[in-house]
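Reader: Let's go through this one together, pocket and contacts included. Can you set out the terms as we go?

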Amino acid sequence: MNKTLCKTVAILLLALVLIFALVACDKDDSTPHSVVATFELNENDGADSFTMRKGIIFKYKQSKLNSINGVKATVRETNKDKKIELIVNNVNKNNLSAVLAAITAEPTLRFMDFYNIDGEPLFLGNGNVASVAVIPDNLDNPAIQIEFTAQGVENINRYVGRHISIYSDNEYITDAVVNVMLASGGAKLSFNSGKTDLETQAIAAKMNAALFGLQIKNLDIKYVG
């Protein structure tokens, strides 16, 4: 065997060794490339429409996941068992913890100063709001009614006459002026949404989702290499 042939064989052998080494390294890399999460919804959801709540979850989870740099998420309902499925692609060791946190995240109801929405919340829904419902106003138009806890009444009374905005995390939901009646000891704030009945129901559903959680059960997370 001449030197040229030997050199060629040696180069080919080295190339094969490198290829096998790369394949082996890739197999040893336990970081998934995709994450698939499935879950069901608790149907004991009070006045909220089950279909409406699914739509809220679709939007919330997809938005939360797609805000992670480089990640692409899709949400769908499986045809077989009607479970909700999240498929998250472009997952790596740098964003895996953020992806898992987003999958399990729950929205937070935030009451903000209408003129300073980038500031700190005036207060949060948790511990301050007892319930959110849709009721007819004096003209039989749909209105939002927020019932406060004793702690919530104390907090909201600080802002009588003020214009407040209500958010689910960073998503604007609605706004209202805190009326004077609340200061006289009432525990409820009611205001006309200016929307149709269905749109008002959607506002209440978003507020309840941020207040009481998404009511997810049987969450299963799988890694796809």
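Author: Sure, terms come up as needed: helices (H or I, at least four residues) and strands (E, at least two) are DSSP runs, numbered from the N terminus. This is a predicted model, where local features need pLDDT of at least 70 and side-chain atom pairs pLDDT 80 or more, while totals for chains, interfaces and linings use all residues. Residues are numbered from 1 along each chain as its sequence is written, and side-chain values use heavy atoms, leaving out hydrogens and water.

Reader: Which helix gives the most to the lining of the largest pocket?

Author: A pocket here, on a 1 Å grid over the protein atoms alone, is an open set of points where a 1.4 Å probe fits, with protein on both sides within 12 Å along at least five of seven lines; lining residues have an atom within 4 Å of a point. The lining includes Lys59, Lys64 and Asp169. With four residues, the top contributor is helix 2 (residues 50-66).

Reader: How far apart, N to O, are the side chains of Lys64 and Asp169?

Author: They form a salt bridge (a side-chain nitrogen of Lys or Arg within 4 Å of a carboxyl oxygen of Asp or Glu). Lys64 sits in helix 2 and Asp169 in the loop between strand 8 (163-168) and strand 9 (171-177), 105 residues apart. The N to O distance is 3.5 Å.

Reader: Are the rings of Phe111 and Phe123 stacked or edge-to-face?

Author: Rings of Phe, Tyr and Trp (its six-membered ring) pair if their centres lie within 6.5 Å; planes under 30 degrees apart count as stacked, over 60 as edge-to-face and the rest as tilted. The structure holds six aromatic pairs. For Phe111 and Phe123 the centres are 4.6 Å apart and the planes at 20°, so the pair is stacked.
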